[in-house]
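Good morning, and thank you for the time. I would like to take the group through one structure, beginning with its interior space and ending with its cysteines.

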Amino acid sequence: MSGERRLWLVRHGETEGQSSVRYHGSNDVPLSDLGRAQIRALAPWLRDVPFARVVHSPLVRAAESAAILAESCGIAAERLVADERLREICFGQCEGLTADEIAARHPEFWARHRAGTADGFPGGEPRRAFVERVRAAITDWAAADWRSDLLLVAHRGIVRHALPALLGPGVGEPPEFGVPLASLTVLCATPNGWQIELLGALP
């Protein structure tokens with residue numbers, strides 16, 4: 001890797017509410033023991049990186065993941081920053097449900113969702129509003145004068161929409177990019193714009 005600054009994007013680990021199979025958006029579920037182990041396994045990849053800040057979603061699963069990584073990397077607590085704009089989208093009436101449960105309870109919506117024509121979940125945050133706030137947060141942090149690398153710990157939807165925010169429309173959109181739990185994506189700022197160095201990698 002060269003000397004350009006980088007944005008390191010981490011998705012939180014598995015939660016007590018089974019974020020691997022359930023739609024937890026605004027549900028504030030904590031990490032499970034498995035999730036903590038997943039994040040600790042990722043930490044060695046980050047230990048030698050000179051992070052200027054650790055920015056994270058205020059939801060506890062992301063905040064705890066950020067704290068674990070910061071402690072492992074020797075980053076002082078005052079360099080951790082919560083950004084409300086990095087919350088996961090609210091899934092409304094579908095919060096905490098599996099895909100099969102959503103399909104059974106809201107079949108018409110689920111068909112539109114699978115076709116890519118639904119603007120958000122029933123009773124939830126409109127997708128357009130979610131994308132706008134995520135992209136605003138990402139572009140603000142990317143443009144800030146942080147001078148060295150930045151670690152951002154959040155959710156699947158945040159990481160997914162960070163890519164088109166910096167690389168252009170269509171990049172990272174489903175089904176192209178799944179964002180596994182406790183995965184790492186690295187974007188590098190070059191004279192020719194942002195580029196992907198690592199995409200959804202697991203330790």
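Let me first fix a term: on a 1 Å grid over the protein atoms alone, a cavity is a set of points where a 1.4 Å probe fits but cannot get out, and its lining residues have an atom within 4 Å of a point. This is a predicted model, in which local features need pLDDT of at least 70 and side-chain atom pairs count only at pLDDT 80 or more, while totals for chains, interfaces and linings use all residues. Residues are numbered from 1 along each chain as its sequence is written, and side-chain values use heavy atoms, with hydrogens and water left out.

The structure holds one cavity of 30 Å³ or more. The largest cavity contains about 80 Å³ of space, a volume being the space filled by probe spheres set on the grid points, which are joined across faces, edges and corners. Its lining consists of Arg11, His12, Ser19, Arg22, Tyr23, His24, Arg61, Glu88, Phe91, His155 and Arg156. By class, two of the lining residues are nonpolar, four polar and five charged; here Ala, Val, Leu, Ile, Met, Phe, Trp, Tyr, Cys and Pro count as nonpolar, Asp, Glu, Lys and Arg as charged, and the others, Gly among them, as polar.

I turn now to the sheet. Strands are DSSP runs of E, at least two residues long, numbered from the N terminus, and two strands pair if DSSP finds at least two bridges between them. Six strands form an open, mixed sheet in the order β3-β2-β4-β1-β5-β6. β3 (80-82) and β6 (193-201) are the edges; each has a single partner strand, so one side of each lacks a neighbour in the sheet.

How buried is strand β1? Six of the six residues of β1 (residues 6-11) are buried (under 20% relative accessible area, 1.4 Å probe, protein chains only; over 50% is exposed, in between partly exposed), so the strand is largely enclosed by the rest of the structure. Arg6, Trp8 and Val10 point one way from β1, and Leu7, Leu9 and Arg11 the other. β1 runs parallel to β4, with five bridges, and antiparallel to β5 (residues 184-190), also over five bridges. Leucine 7 is bridged to leucine 150 in β4 and stands opposite leucine 187 in β5.

Finally, the cysteines. The structure holds zero disulfides, a disulfide being a pair of cysteine sulfur atoms within 2.5 Å. The sulfur of cysteine 90 is 9.7 Å from the closest cysteine sulfur, in cysteine 94, which is too far for a bond.

Methods
On a 1 Å grid over the protein atoms alone, a cavity is a set of points where a 1.4 Å probe fits but cannot get out, and a pocket is an open set with protein on both sides within 12 Å along at least five of seven lines; lining residues have an atom within 4 Å of a point. Helices (H or I, at least four residues) and strands (E, at least two) are DSSP runs, numbered from the N terminus.
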